[in-house]
Amino acid sequence: MGELIFMAIIAVIAVFMFFVSGSFPVSIIDKSGGASLFPRIVIVLLLFFMIIRTVIVLRNKEEREKVFVFFEMFRGARLVYLLGTLVYILLVEPLGFVITTSVYLFGMANFMYFKQKDSIMSLQRNGIIFASGVLISLGMYLFFTRVLSILLPQGILGFL
Amino acid sequence: MKKVLLLLVVLMMIPAFAFAGGDQEEAAPAAEVADGPYVPTKDITFVVPFSAGGNSDIPARIFAKYMTKYSDVEVKVTNIVGAGGKAGAREVMKADPDGSMLIMQPVGYPMQYSLGVAEFTYEDFAPIGQWLDSTLAVVVNADSSYMSMDDLVAAADAAPGTIKMGSVTGTLPTFATIEIEMQKDVEFNKVDLSGASKAPELLSNRIDGYIDGFGAIKQYVESGQFRCLGIITDVKIKGYEEIPTFTEAGFTGYEYLKQAFGLWAPKGTPAEVVEYINNLIKLASEDAECIEEMNALGIAPAHNSVAQYTKNMETTYAKFQDVAKAIVGN
Amino acid sequence: MLEVFANILTLQNLSLILLGVAIGNVFGCIPGLNAPIAVALALPFTFNMELLPSISLIMGLYMGCVSGGLVSAVLLRIPGTAASVATTFDGYPMAQQGRGTEALSYGAFASFFGGIFSCIVLLALAPVLANIAIGFGPWEYFGTAALSLIIVCVMMSGKTLKGLIAVCIGLLLKTVGMSPIDGVAARFTFGNYSLENGFNLIVVIIGVFAFPEIINSIGKLKVVVKPAKIKNKLFYIPSWKDIKEQLGTMFRGSVIGTAIGILPGMGGGAASLISYAQAKKTSKTPEKFGTGCAEGIFCCESANNATTGGALIPMLALGVPGDTVTAIIMGALTLQGISAGPLLSMNQPVIFKSIIFAVFVANIFMFVYQIFTIKYMAKIVEVPKYYLFPLITMFCVAGVISLNNNMFDLIYLMGFVVIGYILDKNDYPLSPFILAFVLGGIVEDNLRRSITYYGSFIESMQQVSIGTLFVYLGVALLIYSAFRANRDKFKRFRKEKT
C-alpha cells in the first residue's frame, strides 16, 4: 500500500510540473522544441512506468502487503540525528563554521555514546572530546580558508 | 629585440611615474596614477565568473599577473562559478565597496540582461574599465566550397534556413549570426553547439560553419583544417593579414559584437579607488610582455578611461536590448 | 623516446608527481573536494613553473584524485565523486565484514591496471581514436547516453521497472535550473536564484549515499561489529591468484572505461556504473554482487581509472576536453604556451609523449602510494561510531559548503537524504538514479540539438548513424526485458495450474 501512496505523491508532483512547464518563456530562434519538451517527455515516461508498476503491485498479493519503509527514518535516535543535523545546517551560516561544528560534534558524540553504551560519558572524556572537537573544527576552517582559499562561513567569530 | 621593447616601455612609463609624484604633492584629484593618493592595503580579488582554465579565465590570470606587477598589493584571481556567470556578479555585488573585490565583466552580462535572465546591469556596479579585446571569427571547413563571406551568404540566400551556423546559443556568436542575417537578409539554421566541443562538429562536417573567438579557432586555421572567412572587427590581426575584416566583407555597425572584457567594482566604491584600478589596467595593458603573451593567444589587452568605458557599456546594453527582440520576440 | 624519459625522470619532476598523487589522494577522499578543485587550486602555482614540472604536478593530482575516491567509498560509503559510486556497492559491504584492507588493495590494483591500460591506448591510438570521437555528434551522444541509462536498468535483474522509475525521477530532478540551448527559461526554480544552476551532482551523491547509511546505522548503534584484526603487513597487494582470476574483468572494465572516457562529457561515473552492470550480468556468480565480492570492485575501479586516459585523448589530439578536469588541464597547458589540439602531436611530439609518460608514472606512483598507506587508511573503521558519524557529517557539510559557498545547497541536501533513503530502502536501485543525474544534461541537450540539426526526432531517426542504432537497440532491450519478465510469470502461472 505504501508504495502506491509514494507513487501517487510522485505522480501528483509530476503532473503539477507538467502544467508549470507550460508557462516557460520561449525563445523565437530556438527550434529545438523549447524548454518544456524534455521535462514533458520524462513526465510522460515516468507516469507510464508508474502505471505499469501500479498494475503489478495491485495484481500481486506479496507486493501489495510489502511494508514501505519511510517512517523508520524519523524514529528514535534517527530523529534526533536528523533534527540535530538540520539545526547544525541552519545555524552554520549565522553562527559560523567553527562554533556550530564544535557544538555539533560535542553534542552528537555524547548522544550517540549514550545510545550505544546506555551510560553517560565521563567528565574527563567529555573534556577531551570537547577540546578535540574545537581543535578539529578550527583546523578544518583554517585549512579550507587559508590553505585552499575555499570560503567557509565565518559567522560571529570575526577575528578568524 | 625583446629587451629594446622593454626599455622603450619603461622609458615611456617614466613620465607617468613622474606625474604620479607631482600629483601626490599637489593633492590634485586622484586621477591617472598608480601611486596617487590612494594606496591599497588589501589584496585585490579579481573574480572570474567562469571555471578555472577556461577561455575567460586564462586571459584574466595573465592580466592579473601584470596588474600585480604595477601594484603594491597582489591581484589574485578567484573563480566563482554558476548561473552562467551571474553567481560571481551577485557575490561581488554584496562585497565591501573598497576595491578589494572586483568582477570580470564578460560579454555575457549585457546579453543576459537583454534576454531577461540577468537582473543587474552596469548601473548596479561601479564600472572601472575595459582590459581585453578579442575578436570573433567566422570559420568553415577547409574542404568546403565557401571561399568568402559572400559565398556563405549566397548559399544561405539560395537555400534559406538550411545552412547550419553553429554557436553556443545566447552567447555573442549567436548575436553575430543574427547580425549577419539581418544585414544580408538571409536565414541560417542556427544550431546550438556544446561549449566544450565546437570544433568536432565542423571537423566532421555536421555543421557548415561557426563563429567563435579568434584565439580558439586559430590553431585549426593554422593546421589547415578550417578556413577563416572573416574577423568581426575593422583591425587586421597581426600575422593573419590575409583574413578579411568584416568591413572588407561589406558589414557595418557591428562594433557591439566585439568580445570586450571589462572590470566592475561593487557600487559605491570611491572614485579614487576606481581610478587607481583603471590606471593599473592602463599600465598592465601597455606592458610589452603582457601584450606579447596575450597576442600569442590571439587576443590583446586594452584600456579606456572610466568615463569612456561607462559610455560604451551604455551603448552596448542599448544595442543588445534591440537585437534581443529577435530572440525573445516582443 | 629517450628524450621523453629524460624529461620526466628527473628528481624534481618525480617528486612533483609524488606530491601531486599524495595531495590528490586526500582531495579524492573528502567529498566536495575533487579533481577539478585540486587542479584549479594548483593552477596559480604551475603558473610560475616550467612546462614539464607543471605537467608532472597536475597529472599527479589528477591520478591521485581519481583513485583517492576509492578509500572513502570503501570504508565509509561516501563516494567523493560519481566515479566512485559503483565502488561502494561491493567495497563497503566488504569493509563492513572486516575485509577493508583486502577491498582497498583490490581497488588499488584495478585502478592501476585501468590507468596503465588507458595510458597505453592513449599513446598508441590517440589520433585514431580522436577521429572516432569526432564522428560523435549530438545524435550519437543522445543515442549513447539513452542506451547507457537503459542498459543499467535492464541489467538490474528483477528491478528493471523500478530502475526505470528511478531514472525518470532522476532525469526530472535534473531538469531543474536554467534551460539549456535556449537559455531563457528558469525551470522549476520558483524564483529562487540558487536553483538556477540546478542540483549539484556532488550534493546529490552525498545526500543519497553518505547520509542514508549513517541514518541506517544509527538505528542499530548497539550492534557492534568487531572489525577483523588488520594483519600488520608493510604493504597490501592482491594475491597472484586473485589477479589472474580477475584479469578478464579488469580488461573489460578498462575497455569500457577508455571507450566512455573518449566521449566528452560522459565521464567516470557512467563508465564505472555501466562496467558494474556489465560485470554483474556476465558474472558466473551474479548473486554475490552487492554483498562484498572482489569482482564488483575490480570491474568498476578499473573502469573509472581507465576514463582518465580516455578523457585525455580528445583533449590532447583535438583540443576538446572530455570533462571538467581535462578542461582545466588544457587551460593550464595554454597558460604554459602549449595549445592542445591537432597541432600538438605533429609539431611537438616530445611534449605530447612527455605528457602521456607523466600520466604513466603518476599511475605507478599512485599504486605504490596506495598499497603502502592502506594500513593506515583502514584504521578509520576502528574509530568508534559515536565519534565517526558526527565527524563524517561534518566532512560532508564542509564539503557541500565548499562547492559553491551557498547554504542553499545544504537545504536541498536534506531533501536528497530523504529521497535516497526512500529509494534505497524500498528496492528502487540508486545507480540508475545517479546515472540519470550524470547523463541527464547530455540526453536533453543532444536530443534538442539533434532536432535543430535534422528538423525533428522522426527525421533524426532516419539518419544512418550509430545514434539511430543505439536508440533502436535501447528500445529492443526494453521490449526484450519486459517480455522475459512476463515469460517467467507465464511459466509460474502454468506451473500453478498443473
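In this predicted model, 72 residues of chain A are in contact (heavy atoms within 4.5 Å) with 65 residues of chain C. Residues are numbered from 1 along each chain as its sequence is written, and chains are lettered from A in the order in which they are written. Local features need pLDDT of at least 70 and side-chain atom pairs count only at pLDDT 80 or more, while totals for chains, interfaces and linings use all residues; side-chain values use heavy atoms, without hydrogens and water.

**Buried area**
- Together, chain A and chain C bury about 6,100 Å², with 81% of it on carbon and sulfur atoms; this is the accessible area (1.4 Å probe) lost on putting the two parts together, summed over both.
- Phe38(A), Arg78(A) and Gln116(A) supply 12% of the area that chain A buries against chain C, more than any other three residues.

**Polar links**
- The rule finds zero salt bridges across the interface of chain A and chain C, a salt bridge being a side-chain nitrogen of Lys or Arg within 4 Å of a carboxyl oxygen of Asp or Glu.
- Between chain A and chain C, 10 residue pairs are in polar contact, both residues at pLDDT 80 or more; this takes a pair of N or O atoms within 3.5 Å, one able to donate a hydrogen and the other to accept it, and residues adjacent in sequence count only if both atoms are side-chain atoms.

**Who touches chain C**
- The elements of chain A giving two or more residues to this side are α1 (2-20), α2 (37-59), α4 (76-95), α5 (97-117) and α6 (123-147), where helices are DSSP runs (H or I, at least four residues) numbered from the N terminus.
- The largest share, 13 residues, comes from α2(A).
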